[in-house]
Amino acid sequence: QPIVECSTGRMIGVEALARWNDAQWGAISPAEFVPIAEADADLCRMLTRCTLNSACKQLAQWRGEFDFFPYMAVNIAGAELYRDDFADMVAGLVAEHQVPATSLVLEITEQSVITDVETAAKTMNALRSQGFRFAIDDFGTGYSSLRYLQQLPLDILKIDRSFTQLITQDATSHELTVGILQIARTLNLAVVAEGVETAEQYAVLQQLGAGHIQGFLLGRPQPADAISEQLKALQPPR
Ligand code: G
Ligand code: MN
């Protein structure tokens, strides 16, 4: 799914979203299979590795084909931050596919760091020192601990779609979004507002100075080939 620069409408990133189309059962919702996978350490690792591997493979293809290609954000299960082989696995995948670490953003949720913020930060620091970036996902729906935000090596804050979706209807949601943007500014984090579905929501977020936006208005979750087609139009002139 595209992630777009608010001021220009230009795609600057994409989020890799796991989908399962089963020959027998048809489309199985990620809301169904992701929690099942995450409940089992081995399945969780398989899903994480599979998603990261696909992401790296796709980045490698774009890198070979295009001068400009977007960063790829990948959702990381919280439990991975507490496995001491996680950082090496991620580093191994980018080395194997020869993609720059700076092209990957690892998305974690607020819940995933509460188990043990120090250990989580240690894993994150090991990866960040190699160029990987981190985003805090669904911000505002978990514990929203400002202390954790300050302790973790984060680059991007993703405002949960529950705020975006009421931003034009509900004054409180609007004000809370203003507050979250201020927190992001204070902590020097880039912002992605999620779940943008209408032009009115886009306009308000632009006016509030949200840097980046994501949602059905800018692009649905779609096959990577469809993104490749759009990238052709985004190449700098030679
Ligand atoms: O938790 P996370 O933010 O990673 O969730 C991403 C999910 O949100 C995806 O499965 C995607 O299909 C869904 N999504 C993306 N954009 C929109 C949107 O504009 N509206 C709604 N309702 N869902 C969205
Ligand atoms: Mn996400």
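This dialogue looks at a helix pair and a ligand site in a predicted model.

Biologist: How is the packing of two helices described, and at what angle do the axes of helix 1 and helix 2 cross?

Modeller: Two packed helices are described by the distance between their axes and by the angle between those axes. In this model, the axes of helix 1, residues 30–38, and helix 2, residues 41–65, come within 6 Å and cross at roughly 125 degrees. Helix 1 is therefore oblique to helix 2, since angles over 145 would count as roughly antiparallel and those from 65 to 115 as roughly perpendicular.

Biologist: Which residues of helix 1 and helix 2 meet?

Modeller: From helix 1, F33, V34, I36, A37 and E38 meet L43, C44 and L47 of helix 2, and by class this contact has seven nonpolar residues, one charged residue and no polar ones.

Biologist: Turning to ligand 1, how many residues surround it, and which are the closest?

Modeller: Ligand 1 is surrounded by 16 residues, of which Q1, R161, E194, E197 and F216 are the closest.

Biologist: Which atom of ligand 1 lies 3.4 Å from a polar side-chain atom of Q165?

Modeller: That partner is a nitrogen atom of ligand 1, whereas polar side-chain atoms of R19 and D137 lie 2.9 Å and 3.1 Å, respectively, from an oxygen atom of ligand 1. Taken alone, ligand 1 exposes 520 Å², and the protein buries 78% of that.

Methods
Residues are numbered from 1 along each chain as its sequence is written. Chains are lettered from A and ligands numbered from 1 in the order in which they are written. This is a predicted model: local features need pLDDT of at least 70, side-chain atom pairs count only at pLDDT 80 or more; totals for chains, interfaces and linings use all residues. Side-chain values use heavy atoms; hydrogens and water are left out. Axes are lines fitted to C-alpha atoms, for helices over the stretch in contact, and angles run from 0 to 180 degrees between N-to-C directions. Helices (H or I, at least four residues) and strands (E, at least two) are DSSP runs, numbered from the N terminus. Angles under 35 degrees count as roughly parallel, over 145 as roughly antiparallel, 65 to 115 as roughly perpendicular and the rest as oblique. Contact means heavy atoms within 4.5 Å. Ala, Val, Leu, Ile, Met, Phe, Trp, Tyr, Cys and Pro count as nonpolar, Asp, Glu, Lys and Arg as charged, and the others, Gly among them, as polar. A residue is near a molecule or strand if one of its heavy atoms lies within 4 Å of it. A polar contact is a pair of N or O atoms within 3.5 Å; within protein, one must be able to donate a hydrogen and the other to accept it, and residues adjacent in sequence count only if both atoms are side-chain atoms. Accessible areas come from the Shrake-Rupley method with a 1.4 Å probe; for residues, only the protein chains shown count as cover.
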